[in-house]
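Here are a few notes from one colleague to another, to read with the model open beside you. I have kept them short and numbered.

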Amino acid sequence: MTERTQVGQEVETALGEVLAHVRGEVELPCRIVDDPAAEHILALRKRMKLSRRRFAERFGLDARALQEWEQGRRVPDRAARVLLTVIDRDPEAVVRALGSEP
């Protein structure tokens, strides 16, 4: 068994809080995350100079879903919107949390 990183432990704690919230055991503060327009998602990927496939791999996304978001055929769910917001602000934090290669 591998040792968990600090980020991994923080993610585990956060997921525990989310589960407790879903079960109605605790109240969590709410923060509205903007629903990124298709153009914003595409611009984010282009700014990073990554192909759709590479962007999806790097950040743990489904390439087909990413394509549909970029083309406006689908809207990212709340979790995906949060992830896209973090990618936009600090992509390396996501890479570190996922243990991905840059």
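1. Let's start with V11, which sits in helix α1, the run of residues 6-22. Please keep in mind that this is a predicted model. Is V11 buried or exposed? The answer lies in between: its relative accessible area is 40%, so V11 is partly exposed.

2. V11 also has company at the surface. Together with V7 and L15, V11 makes a nonpolar surface patch of about 220 Å².

3. Now to the interior. How many residues does the largest nonpolar core have? The count is 16, and the members with the most contacts inside this core are M48, F55, F59, L61, W69, L84 and I87. At least two residues of the core come from each of these helices: α2 (38-47), α3 (52-59), α4 (63-70), α5 (78-89) and α6 (91-98). As background, nonpolar side chains tend to be buried together in soluble globular proteins.

4. W69 deserves a look of its own. Leaving aside residues up to four places away in sequence, W69 touches A38, I41, L61, R74, V75, P76, A80 and L84. Of these partners, L61 and L84 are also listed among the core residues with the most contacts.

5. Finally, have a look at T85, which is placed in helix α5. T85 has a relative accessibility of 23%, and buried means under 20%, so T85 counts as partly exposed. What does the side chain of T85 reach? Its partner is the backbone oxygen of R81, at 2.9 Å. Along the chain, T85 and L44 are 41 residues apart, yet 9.9 Å separates their C-alpha atoms.

Methods. Residues are numbered from 1 along each chain as its sequence is written. This is a predicted model: local features need pLDDT of at least 70, side-chain atom pairs count only at pLDDT 80 or more; totals for chains, interfaces and linings use all residues. Side-chain values use heavy atoms; hydrogens and water are left out. Patches are made of residues with over 30% relative accessible area and no salt bridge: like charges are joined within 9 Å, nonpolar side chains (Val, Leu, Ile, Met, Phe, Trp, Tyr) within 5 Å. Accessible areas come from the Shrake-Rupley method with a 1.4 Å probe; for residues, only the protein chains shown count as cover. A salt bridge is a side-chain nitrogen of Lys or Arg within 4 Å of a carboxyl oxygen of Asp or Glu. Helices (H or I, at least four residues) and strands (E, at least two) are DSSP runs, numbered from the N terminus. Buried means under 20% relative accessible area, exposed over 50%, partly exposed in between (1.4 Å probe, protein chains only). A nonpolar core is a set of buried Ala, Val, Leu, Ile, Met, Phe, Trp, Tyr and Cys residues joined through side-chain atoms within 4.5 Å. Contact means heavy atoms within 4.5 Å. A polar contact is a pair of N or O atoms within 3.5 Å; within protein, one must be able to donate a hydrogen and the other to accept it, and residues adjacent in sequence count only if both atoms are side-chain atoms.
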